[in-house]
Amino acid sequence: MKNIVEFFRNIPRKKCSKCGNDIVEQADCYHNICDNCSHPAI
Ligand SMILES: [Zn+2]
């Protein structure tokens, strides 16, 4: 069971350069920002 955790930990995850949240890999991201920051919410 530990191997699974280690496996995911070894995966290089993108982090939002704005808020620092983990970016879920979906399609190719244009920038290093998460979906939250990419939308002009505020
Ligand atoms: Zn963000």
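Begin by selecting Cys-16, which is partly exposed because 18 other C-beta atoms lie within 10 Å, a count short of the 20 or more that a buried residue requires. The model on display is predicted.

Keep Cys-16 selected and trace the backbone around it: the residue sits in the loop between S1 and S2. Next, add its contacts to the selection. With neighbours within four places in sequence left aside, Cys-16 is in contact with Asn-21, Ile-23, Asn-32, Ile-33, Cys-34 and Cys-37. For a distance label, choose the C-alpha atoms of Cys-16 and Asp-35; they are separated by 8.9 Å, although the two residues are 19 residues apart along the chain.

Now move to Ser-17, which lies in the loop between S1 and strand S2 (22–23). Is Ser-17 buried or exposed? Ser-17 is exposed, since 12 other C-beta atoms lie within 10 Å, and a count of 12 or fewer places a residue in that class. Beyond its neighbours within four places in sequence, Ser-17 is in contact with Asn-32 and Ile-33. Label the C-alpha atoms of Ser-17 and Ile-33 as well: 5.5 Å separates them, across 16 residues along the chain.

Then display the whole protein as a cartoon. It contains 2 helices and 2 strands, in the order α-β-β-α from the N terminus. Of its 42 residues, 2% are buried.

Finally, colour by pLDDT. The protein averages 75, and 69% of the residues score at least 70. Strand S1 (residues 14–15) has the highest confidence, at 84, and helix H1 (residues 2–10) the lowest, at a mean of 75. Where pLDDT is low, the predicted coordinates should not be read in detail.

Technical notes
Residues numbered from 1 in each chain as written. Predicted model: local features only at pLDDT ≥ 70, side-chain atom pairs only at ≥ 80, totals over all residues. Helix = DSSP H or I, 4+ residues; strand = E, 2+ residues; numbered from the N terminus. pLDDT = per-residue confidence, 0-100. Contact = placed C-beta atoms within 7 Å.
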